[in-house]
Amino acid sequence: MLPEKPFQYKMDYKVLVSTWNVGGLQPSDGLDLEDLLQTKETCYDIYVLGFQEIVPLNAKNIIGPERRSISLRWNTVISEALNKKYGEKKKRSSCEEYECLICKQMVGIMVSVWVRRELQKHFHHLSVSCVACGFLGFLGNKGSVSVRFFLHGTSICFVCCHLASGGKEGDEVYRNSDAIDIISRTNFPHISSTNLPQKIFDHDRIILLGDLNYRISLPEAQTRSLVERKEWNLLLEKDQLRYERAEGRVFADWEEGKISFHPTYKYYPNTDKYYCSIQGKKEKARAPAWCDRILWYGKGLKQSEYKRCELKLSDHRPVRGIFTVEVVAPSQSPSSPALSTTNFSSLMRSFFSSDGFERLDGHFEA
């Protein structure tokens, strides 16, 4: 956190965080994101939307140039959903226009951050860091995209992950390894003459989201039976992520909200039916599991909701978390004036042009 100065006080902001593995499928025109974004119910200050597999994870997409057109298409759908009410002359007086603060893609992993337009002037020192830990330990089919910014005087870091897959006994070790690798290798650029946080744990507020791929350590038939009966507590006793955390092997000091929803993986797309292998066909078993998770670390974060959403595009259901984030903000005084919108835009243009960012279609893309 930046050193506290006179005329500072604490403020709370409402943040919606989501993660969704879209299975390499592009959004259709008019894709309804209402169940994910809750635009009819409320207007949040910040939306942090994480995606995995926005492109198919084949050799061409993993080794070749990034398909920026896909992330732009997702951002178009997001913008239409968030700003629909604004375009309808703001049926609720509290509804405001949202703009993309920053977007970053690495192969199939994407993070898109949207904020209320009037808040943009309070964000500064935006940065991104990508860690690839897929094939051969350095390709981007698995890994993380992290985004960082300061809101007023508080640094906030979001880490969007896609960890190693696999449903065999012992595969959780590879997921642990990916998570440890991401935390140790994530490094935000150093800017001379500043004391900005560079590592994940240097930040004041930290939220991690993604397809973490942890499974349930039970026979497939037993897992399916318990899911049908909604025996969440019995299933969670065998949840790999909870077990690995309890054993101190990964995410030991992180927090997660209460899970009281169906496993988010694996479905037949566009159905409510869990995937099941057909006898005689060479298909991998895919028992239901809570692959898609949201964790947080440290103080100043309070989660008020943790649930899955019923968008059926892919074989995963998205997961949403609602947070209240406490930040330190300067009061409006002559000695600590607010950053003007003009100065903010100038600062952003300078920052993004000097660190390899582009401004595309009215929003910043890394």
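A helix here is a DSSP run of H or I that is at least four residues long. The model is predicted.

**The largest pocket**

Helix H5, residues 172-185, gives the most to the lining of the largest pocket: four residues. The pocket has a volume of about 930 Å³. Its lining counts 40 residues, and the closest to the centre are Ser-165, Gly-166, Gly-167, Arg-215 and Arg-286. By type, the lining holds 13 nonpolar, 13 polar and 14 charged residues.

**Aromatic rings**

The whole structure contains 16 aromatic pairs. One of them joins Trp-20 and Phe-51. Their ring centres are 6.5 Å apart and their planes meet at 40°, so this pair is tilted. It links distant parts of the chain, with Trp-20 in strand S1 (residues 8-21) and Phe-51 in strand S2 (residues 46-52), 31 residues apart. Trp-20 and Phe-51 are both buried.

Tyr-47 and Tyr-98 make an edge-to-face pair, because their planes stand at 85°, with ring centres 5.2 Å apart. Here Tyr-47 of strand S2 meets Tyr-98 of strand S3 (residues 98-106), 51 residues away in the chain. Both tyrosines, Tyr-47 and Tyr-98, are buried.

Elsewhere, ring pairs join Phe-201, Phe-251, Trp-254 and Tyr-297 into a cluster. Charges also sit over rings. The charged end of Arg-148 is over Phe-188, 5.1 Å from the ring centre. Arg-317 lies over the face of Tyr-267, 4.0 Å from the ring centre.

**Salt bridges**

The count comes to 20 salt bridges. Three of them are listed here.

| Pair | Closest N to O distance |
|---|---|
| Glu-99 and Arg-117 | 2.4 Å |
| Glu-220 and Arg-224 | 2.8 Å |
| Glu-305 and Arg-320 | 2.7 Å |

Glu-99 lies in strand S3 and Arg-117 in the loop between strands S4 and S5, so their bridge ties together parts 18 residues apart in sequence. Glu-99 is buried at 16% relative accessibility. Arg-117 is partly exposed at 42%.

Glu-220 and Arg-224 share helix H6 (residues 220-228), four residues apart, or about one helical turn. Arg-224 is buried at 18% relative accessible area. Glu-220, at 25%, is partly exposed.

Glu-305 belongs to strand S11 (residues 301-308) and Arg-320 to strand S12 (residues 319-330), so this pair ties together parts 15 residues apart. Glu-305 is partly exposed, with a relative accessible area of 24%. Arg-320 is buried, at 1%.

Salt bridges also form a network of Asp-272, Arg-308, Glu-310, Lys-312 and Arg-317. Arg-317 thus appears twice: in this network and over the ring of Tyr-267.

Conventions
Residues numbered from 1 in each chain as written. Predicted model: local features only at pLDDT ≥ 70, side-chain atom pairs only at ≥ 80, totals over all residues. Heavy atoms only, no water. 1 Å grid on protein atoms, 1.4 Å probe; cavity = no way out; pocket = protein on both sides within 12 Å on 5 of 7 lines; lining within 4 Å. Points joined across faces, edges and corners; volume = space filled by probe spheres on them. Helix = DSSP H or I, 4+ residues; strand = E, 2+ residues; numbered from the N terminus. Nonpolar A, V, L, I, M, F, W, Y, C, P; charged D, E, K, R; others polar. Phe/Tyr/Trp six-rings, centres within 6.5 Å; stacked < 30°, edge-to-face > 60°. Buried < 20%, exposed > 50% of the residue type's maximum accessible area, 1.4 Å probe, protein only. Lys NZ or Arg CZ within 6 Å of the ring centre and 35° of its normal. Salt bridge = Lys/Arg side-chain N within 4 Å of Asp/Glu carboxyl O.
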